[in-house]
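The following exercises practise the reading of salt bridges and strand order in a protein model. Please study the structure before attempting each task.

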Amino acid sequence: MASGPIVTLTINPALDKSSEVGRIVPESKLRCTAPAFEAGGGGINVAKAVHRLGGSPVALFTVGGPTGQRLHKLVKNEGVETIVVETKQWTRENFHILEKSTGFQYRFGMPGTEMMPTEVRTVLETLEDLNPKPSYIIASGSLPPGVPADFYASVAKIAKDQGARFIVDASGDSLRSVSDCGLYLLKPNITELSELVGVDKLEMDEVDDAARALIIRGQCEIVVVSMGAMGAMLVTEDLVEHIPAPPVQPKSTVGAGDSMVAGIVWTLSQGKSIREAVRMGVACGSAATMNAGSELFKMQDVSKLMDWLNRYDKRYVNTL
């Protein structure tokens, strides 16, 4: 079992506001339900999920203005240990609306506010000064304006110096900039994996070879390709395995990927194998989709879905 804490990093958090409406009609006054507020942002979601699983993560994130203070309070109310770096600009807000007549969810993501170079440096210095040193650092989410595209590469160097396993869940330039840093684990979706290997599109039967190419190049040790309703593909130097997603009735995909990362890392921190870890990740991610808005998974749902995966494994083994 890992001795140091699991530390998550969220450089572009958001105060998530969600509501419901009967039907969305252009140019009409829409009567929405009372809004619910959640602390959002990739790393924050991962920390909340790890805590829900029984871990004791540390969430490091930026906060600015009244929205940032409200977000900080929401994270602390979850029982998660926090380290915050204050910014001059206010923390952004996102808005999610569920159209009850169709079951469709509309997600409105606002751009992050610009960070000052001194604020970016403070985040990196805070990571360098962590005590005790972390066993895992999980960087998740987008970068706001003012943060250089190679920011996660700087985090990777800090993680290496501290002996921590570094996991990244990002996209675009920020993901490409860190993919040559010898990461422990990457969790791209198929589109992001396509970009990393330099092709326009990947067919399902090409995913494992593309993921293994990253490992052969020394870009990471493990690739877990998230494939939505089709589950995930686990690829290591000597293993390729498809883990199916249990059948569920999805209500929202918000936080599903972060829940998956949390399930993987928490299970690894308990000394379990990567195969066990990815199964827990798929169970957590699928369970998160069963809840509306930005609510994460419920533990009873995770337990039921793990039972389904275990039964699936037994059926599969019996057919070999």
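Three exercises follow, each with a worked solution; the model is a predicted one.

**Exercise 1.** Determine whether Lys187 and Asp169 are buried or exposed, and state where each residue of this salt bridge lies.

*Solution.*
Step 1. The closest N and O atoms of Lys187 and Asp169 are 3.8 Å apart, and the two residues form a salt bridge.
Step 2. Lys187 is placed in the loop between strand E10 (183-186) and helix H6 (190-197), whereas Asp169 belongs to strand E9 (residues 165-169). The pair, 18 residues apart, links distant parts of the chain.
Step 3. Buried means under 20% relative accessible area. Lys187 has a relative accessibility of 7% and therefore counts as buried. Asp169, at 13%, is therefore buried as well.
Step 4. Asp169 also takes part in strand pairing: it is the bridge partner, in E9, of Ser140. Strand E8 (residues 136-140) and E9 run parallel and are joined by 5 bridges.

**Exercise 2.** Describe the sheet to which E8 and E9 belong, and explain why E5 and E13 stand at its edges.

*Solution.*
Step 1. The open sheet consists of 9 strands, and its order is E5-E4-E1-E8-E9-E10-E11-E12-E13. The pairing within this sheet is mixed.
Step 2. E5 and E13 each have a single partner strand, so one side of each is left without a neighbour in the sheet.
Step 3. On average, neighbouring strands of this sheet are turned by 20° against each other, direction ignored.
Step 4. Helix H9 packs on the sheet and touches E10, strand E11 (220-226), strand E12 (232-236) and E13. The direction of H9 makes about 25° with that of E13.

**Exercise 3.** Identify the salt bridge that links H9 to E13, and classify its two residues by accessibility.

*Solution.*
Step 1. The side chains of Arg275 and Glu241 meet in a salt bridge, with an N to O distance of 2.7 Å.
Step 2. Arg275 lies in helix H9 (residues 274-288) and Glu241 in strand E13 (residues 239-243), 34 residues apart.
Step 3. Arg275 has a relative accessibility of 37% and counts as partly exposed, while Glu241, at 14%, counts as buried.
Step 4. Glu241, Arg275 and Arg279 are joined into one network by salt bridges that share partners.
Step 5. For the structure as a whole, a search finds 7 salt bridges.

Definitions and conventions
Residues are numbered from 1 along each chain as its sequence is written. This is a predicted model: local features need pLDDT of at least 70, side-chain atom pairs count only at pLDDT 80 or more; totals for chains, interfaces and linings use all residues. Side-chain values use heavy atoms; hydrogens and water are left out. A salt bridge is a side-chain nitrogen of Lys or Arg within 4 Å of a carboxyl oxygen of Asp or Glu. Helices (H or I, at least four residues) and strands (E, at least two) are DSSP runs, numbered from the N terminus. Buried means under 20% relative accessible area, exposed over 50%, partly exposed in between (1.4 Å probe, protein chains only). Two strands pair if DSSP finds at least two bridges between them. Axes are lines fitted to C-alpha atoms, for helices over the stretch in contact, and angles run from 0 to 180 degrees between N-to-C directions. Contact means heavy atoms within 4.5 Å.
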